[in-house]
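Colleague: Please take one part of this model and go through it closely. I would like the fold, the elements, the backbone oddities and the contact with the partner in one connected account.

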Amino acid sequence: MPGALLSAVTFLPGAGGLALLLIPGRRRGVARVAALAVSLVTFALSLPLYFGFDRDNPGYQFEEYRMWMPTLGVSYHIGIDGISLLLVLLTTFLTPLALASAWDGIEDRVEGFVATMLILETGMLGVFVSLDLFLFYMFWEAMLIPMYFIIGVWGGPDRIYAAVKFVLYTMVGSVLMLVAILALYYQYGAASGRYTFDLPTLTQFVMAPGLAQNLMFLAFALAFAIKVPLFPFHTWLPDAHVEAPTAGSVILAGVLLKMGTYGFLRFCLPLFPDASLSFGPVVFALAVIGIVYGAWVSTVQPDMKKLVAYSSVSHLGFVMLGIFTLNQQGLVGGLIQMVNHGLSTGALFLMVGMIYERRHSRLVADFGGLWRVVPGFSALFLVVVLSSLGLPGLNGFVGEFLVLVGAFQRSIWLAAVATSGIIFAAVYLLWMYQRVIFGEITHEANRALPDLTPREWAVLVPVVVLIVWIGVYPGAFTGTTETAVEALIAQVQSKTSANR
Amino acid sequence: MMDAIVFPPVVLGPLLPTLIVLAAAALVLLLDLGPRRIGRELLAAVALGGMVAALLVTLSRWGTTGRAFRDMIVLDNFALFFNVVICYATALILLLSMDYLRRSGNDSAEYWALVLFATAGMMLLAAAGDLVVVFLGLELMSLSLYVLAGFFKRELASGEAALKYFLLGAFASSFLLYGIALIYGAAGTTSLDRIALAMAGRTNDPLFVIGLGLLLVGFGFKISSVPFHMWAPDVYQAAPTSVTALIATGSKAAAFAALIRVLAVQLRGVPADWTALVWVGAAATMTVGNVVAIAQSNLKRMLAYSSIAHVGYMLIGLVAGGPDGVGAILFYLLTYTFTTAGAFGVITLCERARAEAVDVADYTGLARRHPTLAAVLALFLLSLIGIPPLAGFVGKFYLFGAAVRAGYFWLAVIGVLNSAVAAYYYLRVVVLMYMREPEGAATSCVPSFASGLALTIALLAIVLLGVIPAPFADLAQAAVAPLLR
């Protein structure tokens, strides 16, 4: 039944996760296999979304609509367009990899872990497919709890502090969004006589520019900016990323952060276009600060995981930069950069996790000369590092190039500063790579490190394939986004000019 | 020839749910006088049967309005909705008490009878159409609860709780009574409908205003809103946990019923200058409750402060007013009752070092030893935070929505920020249960069929109310709409 495909993709993982929790007498091996199977089936189910996707249709596809709370105007309305398609696929793609990466790393309460990961997947997918503000907010909030458990139960030594910080930080941001959602709901209802949380309906609403729109924009933007994280709201990120188990970091960096940038694209721009324009320069500047600041802080990190965590601040700065250029290149670049960051940073976390499992250290200083010991690992690590720093021919270049092309049209100076972020990325990533992989073997303990296992190859190769694929033939991916981005820009322009 | 004294026709229909509860209470006491062989379970079963029957009668009367004793009793949808909340609260607490009493060695017939008497008082409060009945219901409920708070006779703390509750409660009752007297002085009647008529056009009569203020003080005490909340933490902490649950759920719901009816009916068409007062009360109540809860190390005391905070949220609905706002209170009470009764229910099951596990630290590592129980408690706490898709989220959503609709943005902002603060202390318990290893004496869980049933019902209810809230919220709004017309 094609009508419910998107629902099936969204809810299958969560249903599988709940079943794993509720069925008694399970064994950990069974739980691992079952969870991986569920996530793989979910990925398989999500592929028709890509192949069946009509690239020339700017509207929502695979839509499902059912009334849920008629008196309130809440509906179960889901669908995807060019903006959310790639993020849905990224989620279904990364979750099985994350589960497979945790095969040996997680020994404690395995059933709970895999179930939580699956429930988290449903939460994330729900955020990307919801076309009803109430539904969206439910997924947005509900998703916090599984992540909280993943960091807090299966994380590192400081996991409790990191988990609580993560939840409180995100929650303070998102509760204000709830008030803004309600305000928007009643404002639209009062203006049109129809009370609804339906996103496509609400985006038709041309709101007068002014204080009300600005406040609503700020409430939404705060929730998203914390999630992205946009400088200066990033302080939860290093703690959460470093303390989370590898699989958690992969999902956190790969998918969760994108929920913030996605929120800006899906909600802030079309709902509050005037406010987005007037606050645009501020966001633009913060994004550039984030790019440079994240890169600088990464450079001096002694801990590889922390280095990767801070590099996310820098990379997500590029995404925000792209979004707030409000032009075709910038937006498409930002979207592709979201996917790129999910792949490269996800892979970086995976690989740092793999080396940590072998050596129980993530300090750059504890390594050196690994090329001779683990050539397979080193080769893949090189590809991933180069992709993350934006080498032409790999995926990172495509996104950053488009973003900068877009940014130059807005402000040459800020774009020039942002470009320095790419240079710094090369500095911190290559310097780290050099110290870890090249040179003499500095620690005896490193001599006996085993190279990648078949399971680890299986986890990494798909990511590397995609990294090269996007780098060589980006059209396969940018092509799905262009129509939707054009429509978004046209919508923002028509709504802002309607008020002039 | 003198006029014959005309008795009003006696219509007992509207009193039927209350009468059933009272009959069950009497039956429990009678059975206790019988031969010693009568099992303790039978008494509990009779009490429970009474509650189920009352619930069924309540449900069967849905949609009808019964008035009795010259409008002293008004059993309309509003009262019926509260009856449902109260019946569920009491039934859950009866189920939770069965094992709890036996284990603590305090199993006696008076307990069941007193719980039922308190419940009858609550139902009377919900259906009160007259200030005298308000007082009558309040006293029946309160006096029963005073005794119940001190029911663990061998425990000093329990006695202390009862005495504190009684002294402060009596003080509050006298405020209420004085307020009623002043309003009677101003209006010449105690019937809510007739007060509204009598006071129309002269609502600034000082007697009436002062009387109303005193009435609000009395209710403020019963719902434990700031600044009349001081008794709640002490009483909640030291009373038997099952009784704490009843005070936190049923008695709060009943007091809210009376408060809403008095404000809504009596002040119909009156300029709403009391909303400013309630606005401040709501903001203060939720903020004080949440902030002080952070510092608590006793779980029962923490839940006491949290329940104060929840009263603050519900007062938002009163400020917002209209069927939206007041309906949101009713729906919130429904969700809150199941959640709170469930949370206290878990506490009744946990023991550590031969004593009830009431310290937050007693729950350290609970997920290792009793994964199911820990998961259940975690779900109740998450619902109290307001995490979707559990009932607490939808309850808050309706309340804040009503506030935004009525234009009280800042109150809604204070409310949502408060729920973020609340996340901290609820999650602290989850942290202890899931993220730390157990240490010291083991916390044991005493499984029992009745408690398991109660927790299952409460859990199903918070999931159901969270996923398909619309029918219930619509019923709540429909129940208050005629009142506000």
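Modeller: Chain B folds into 19 helices and 5 strands. Both kinds of element are DSSP runs numbered from the N terminus: helices are H or I with at least four residues, strands are E with at least two. This is a predicted model, in which local features need pLDDT of at least 70 and side-chain atom pairs count only at pLDDT 80 or more, while totals for chains, interfaces and linings use all residues. Residues are numbered from 1 along each chain as its sequence is written, and chains are lettered from A and ligands numbered from 1 in the order in which they are written.

Confidence comes next. The average pLDDT of chain B is 88, and 97% of its residues score at least 70. That score is the predictor's confidence in each residue, on a scale from 0 to 100. Where it is low, the predicted coordinates should not be read in detail. For the complex, the predictor gives an ipTM of 0.90 and a pTM of 0.93.

Now the overall form. A compact globule of 485 residues would have a radius of gyration near 23 Å, and the 22 Å of chain B agrees with that. The radius is taken over C-alpha atoms, and the globule rule is 2.2 Å times the number of residues to the power 0.38. Along the principal axes, the C-alpha trace of chain B spans about 80 × 60 × 40 Å. Of the 485 residues in chain B, 61% are buried. Buried means that 20 or more other C-beta atoms lie within 10 Å of a residue's own; with 12 or fewer the residue is exposed, and in between it is partly exposed, with C-beta atoms placed from the backbone. Contacts in chain B reach across the sequence: among those between residues at least 6 apart, 79% join residues at least 24 apart. Two residues are in contact if their C-beta atoms, placed from the backbone, lie within 7 Å.

Follow the chain from the strands β1 (66-68) and β2 (73-75). B:Asp71 sits in the loop between them. Its phi is positive, about 65°, although B:Asp71 is not a glycine. Most residues other than glycine have a negative phi, and most peptide bonds are trans. B:Asp71 counts as partly exposed because 14 other C-beta atoms lie within 10 Å.

Helix α3 of chain B takes up residues 77-104. Its 28 residues should span 40 Å at 1.5 Å a residue, and the end C-alpha atoms are 39 Å apart, so the two agree. The expected span is 1.5 Å times one less than the number of residues. There is a bend of about 35° in α3(B), at B:Ser97. The bend is the angle between axes fitted to the seven residues ending at a residue and the seven starting there. Cover is high along α3(B), with 26 of its 28 residues buried. Just after α3(B) comes B:Gly105, with a positive phi of about 70°.

Helix α6 of chain B runs through residues 156-187. Its 32 residues should span 46 Å, and the end C-alpha atoms are 46 Å apart, so expectation and model agree. B:Gly188 follows α6(B) directly, with a positive phi of about 80°.

Further on, a cis peptide bond links B:Pro388 to B:Pro389, with omega about 5°. B:Pro389 belongs to the loop between α15 (371-385) and α16 of chain B.

Last, the partner. Chain B gives 24 residues to the contact and chain A gives 25. On the side of chain B that touches chain A, the elements giving two or more residues are α16 (391-405), α17 (409-435) and α19 (470-484). The largest share, 13 residues, comes from α17(B). By class, this side of chain B has 20 nonpolar, 2 polar and 2 charged residues. Nonpolar covers Ala, Val, Leu, Ile, Met, Phe, Trp, Tyr, Cys and Pro; charged covers Asp, Glu, Lys and Arg; the others, Gly among them, are polar.

As for the partner's own fold, chain A has 20 helices and 2 strands. Its radius of gyration is 22 Å, close to the 23 Å that the globule rule gives for 500 residues, so chain A is as compact as a globular protein of that length.
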